[in-house]
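Let's sit down with a model and learn to read it feature by feature. Bring your questions about interfaces, strands and cores.

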Amino acid sequence: MKKDIILAGVGGQGILSIAACIGLAAMEESLYLKQAEVHGMSQRGGAVQSNLRLSSDPIASDLIPTGKADLIIAVEPMESLRYLPMLDPDGWIITSINPFINIPDYPEMEDLMKEIWKLPRYITLDANSMAKDCGSIKAANMVVLGAATPFLGLEQSSIESAVKNLFKNKGDEIVELNLKAVLAGREHALKQM
Amino acid sequence: MRKLLLLGDEAIAQAAIDGGISGVYAYPGTPSTEIMEYVQASKTAKENNIRALWSANEKTAMESALGMSYAGKRAMVCMKHVGLNVAADAFVNAAITGANGSLVIIAADDPSMHSSQNEQDSRFYGKFALIPILEPSNQQEAYDMTRYAFELSERMRIPVLLRITTRLAHSRTGVECSNPEKQNDLKLPDNLRQFVLLPAIARKQYRELLGKQTQMEAASAESGYNRMIESSDKNLGIIACGLSYNYLLENYSGGKIEHPVLKIGQYPLPLDLVSELYESCEEILVLEDGYPIIEELLRGMLNKGKTIKGRLDGTLPRDGELNPVIVGYALGKKHLQGSAVPDLVKNRPPKLCDGCAHNDAFLALNEALIPYGRGRVFSDIGCYTLSALEPLEAINSCVDMGASITMAIGAADAGLVPAVAAIGDSTFTHSGMTGLLDAVNNNSPITVIILDNSTTGMTGGQTSSAFGKIDNIVRGLGVAEEHIKVLKPLRKYHDENVAVIKEELEYQGVSVIIPRRECIQTLNRRMRQKAKAKTMNI
C-alpha cells in the first residue's frame, strides 16, 4: 500500500487538521508516514500545501516527486489546480468549490470550474453548505476529508477514530459534528465517482 | 521504546529532554521555532524543571547556554541559520573555551529561503569554529544524533553543532525514543581559567582545540553516521550528505542503488572513507542540501583531479533545496510531470492578516510621507516586512535584525532627511536597542516607528522580550520625552495618527513613534481560550 497525497489550500483554512486525521488513521493501521508541512511566512493568507505520504514500506523522501501524487485534496478550487504537475496521470483531485478570494486578480468562478471539469478524475463539492447542513461551516475541511476517504486506502473506522481523537478535547458535540461532516463528504464522493 | 509522531524539530526537542538537558535557550526563527515550543509544552520538561524561556536574541541565548555548560549541566541552544550570524561571536569563542557540561547548538538552515533572507549553510560555521557537526538525514537520526551530540560534547569537552534544514524540521513521521537520562549535577570546570580567553590562555586553548581535530575525525569514522554502502557500478560514486540521502533513495524503488554511496552525517569528514570512494570510482557526484562545501573541497581550486559533479558544474542547480526530482535528473533518471498549471491560477503571496495593526500603521505613515516622496523607509524582519508588497509598498529595506534603525542613521548622515525606521517590538529588543542608542548619541534626524503588536508575530506569536518595556527602554536610551509618541493604529484614528507622524518627521532629532495594538492572531487565540474556559465553567 502506498498513497502520496498533496493537501492544498490557503493559510488558515485547516489543511493541517485534514493531514493530522489521515496521519492518525495511518498510524492506527501501523503504516509508515511522512508529512511535510509549511510553517512560517507562507502561512499568512498565502497558498499553502502539505506533502503527505503513506506506505506499508519505509518512505525515503519527505517530498513527493512530480507526477507521482495519487491525490490532491484541496479546500479551495484555485489551489486545487496549482499542484497539477505533481499529480499522477491516474490521480484524482478532490476539491471544495468554495473560493477564498483574497487577491485582486482571482479568476472567474465559471472559468475555474471549466478547468477542473477538463480533468479526467475529480470530485467537486460545496463543502461550506454541506458543513453548514451538518451544523457548522467550520467543519468544511472535514467534509473535504470525507470526500477523500474512498481514495485513501484506509479503513473508514480508522478515519473515524482519528476524528474522535483529534476533536475529543472540544467535547462530544464537536466530535459528532465532525463525524457527520466526514460522512456527508464521503457519501457525496461515492455518488460522484 | 516509545514511538511518537514528531516533526524533525520536535524529535530534537524530545531527544534533548530525554538526554538530560537542564535548559534550552532560543530566539524564535523559522524553521527552528518548534524546538523550544515543544520543550515549553512538555509535561516531563516541566516536572524536571528544565529551563525553557525565549531569550532576547540568539547571542544572549548562546551565551546563557554556555554559562549553563560552564556550571556542568547540559544545555541546548536553537536558532535559524541567520541567527547563528547574530550568535557568531559567542559561538566561535565557545569552541575556544570548550564545554564543561554538554553544549549542543542547533542551527536550522532554510535552503530555497522559504522564510528567510538568504540560504547560508551553517556547516561553514561549524568548520570555521573547528567543532564537530552532525547532519541528520531523517527525523529518527535527528533524535539519535541529538542524544549522541550531548554525549560527544561532554566526552570531548567541546560544543557540537547539529545542522538541519527546513524540510526535515517541518516534516512529521514516527520516531522511536530511547531511555531518558538524568540531568547532571552542578559541577565547576576542573580548570577555573578554562573560560578566561585572555590571549595567553586563548592561545593554549586554541592549540588544544586544534589538537582535538584528529579525535573529532576519529569520532566521525566510528559513530556509524558516516558509512559506505558498497555497490558494483563504479563508474560513479555518490556522496550524499544529510537529507539528500533520502532523495537519492527515492529514485531507487527497492532501495538498491547500483553505485557505491558514502552517506555523510558527521563532520569533520572521515578522510579514509572519502579517499576510498574517490580512489575506487571513475567520477564522483556530491549531493548537499545547501552550499557545495564538500564538492568544493574535493574539486580543489584547480579542479585537476577526477570529475566531480554537483552544484558547481551544473549537474545540480547552484541554489535552492534539493528534491527527489532534481537528484533523479543528476543521475540521468526520467521523471513524470503531471499536467501544467493552468494560466488562470494566480499567485497568492502571503499578506498581512485582516485587522492587522501594521496595516493601519503603514497607511498612516504612507500618507504622512507624501510630501517627502517615496524611498526613505528602512525596515526590518517580521510580519510587517510584507508591507513592502502591494498594496502598501511602504518600506524600502529588510536586511537583518535591527538594521532599520542603523540604516536610517547612515542614510540621514548622507542627507536623506527625514529617514524613517520601521521595526517590530520583538526585533527592537533583539537588535534595535543599541542602534537607537547610536541615533540618540548622533542626534540623528530620524523617526523610528516601533510597531508594537506585543508578540513575536511572524513565527506564530511567541512571548516578546519587549512586552510592556518599550516605552521605558526608549526613555532610558535617551530619547526626549516629548518625542516619544504612542498611537492606537485603528482606522478611526487615522487622521490624528497621520498628524502625529507628520509632526515628528519635521523634528530634526530622534523621534520614536509606537503604534501599539495586539496582534490579531494572538488576540483571537486569547478570545478562543477565554470562551473555552467559560464553557468549561458552565
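Here is a short dialogue on this predicted model.

Q: How many residues of chain A and chain B are in contact?
A: Contact here is a matter of C-beta atoms within 7 Å. On that basis, 40 residues of chain A touch 39 residues of chain B.

Q: Which elements give two or more residues to chain A's side?
A: They are helix H1 (15-28), strand E2 (32-36), helix H2 (77-82), strand E5 (87-96) and helix H3 (109-117) of chain A. The largest share, four residues, is from E2(A).

Q: What is the make-up of that side of chain A, by nonpolar, polar and charged residues?
A: Its residues divide into 19 nonpolar, eleven polar and ten charged.

Q: Which strand of chain B does E2(A) pair with?
A: Its partner is strand E8 (residues 171-177) of chain B, in the antiparallel sense and over three bridges. Within this pairing, A:Gln35 is opposite B:Arg172 in E8(B).

Q: Now the interior: which residues touch the most other members of the largest nonpolar core?
A: A nonpolar core is built from buried residues joined through C-beta atoms within 7 Å. In the largest, of 102 residues, they are B:Val24, B:Ala26, B:Val77 and B:Ile239. Helix H8 (residues 139-156) of chain B gives the most to this core, seven residues. Domain 1 (2-222) and domain 2 (227-330) of chain B each supply at least three.

Q: What does B:Val77 contact, leaving aside neighbours within four places in sequence?
A: Its contacts are B:Tyr25, B:Ala26, B:Ala61, B:Met62, B:Ala65 and B:Ile105. A second, separate core has 66 residues, including A:Leu7, A:Leu31, A:Val38 and A:Leu152.

Key:
Residues are numbered from 1 along each chain as its sequence is written. Chains are lettered from A and ligands numbered from 1 in the order in which they are written. This is a predicted model: local features need pLDDT of at least 70, side-chain atom pairs count only at pLDDT 80 or more; totals for chains, interfaces and linings use all residues. Two residues are in contact if their C-beta atoms, placed from the backbone, lie within 7 Å. Ala, Val, Leu, Ile, Met, Phe, Trp, Tyr, Cys and Pro count as nonpolar, Asp, Glu, Lys and Arg as charged, and the others, Gly among them, as polar. Two strands pair if DSSP finds at least two bridges between them. A residue is buried if 20 or more other C-beta atoms lie within 10 Å of its own, exposed if 12 or fewer, and partly exposed in between; C-beta atoms are placed from the backbone. Domain bounds come from an automatic or database domain assignment.
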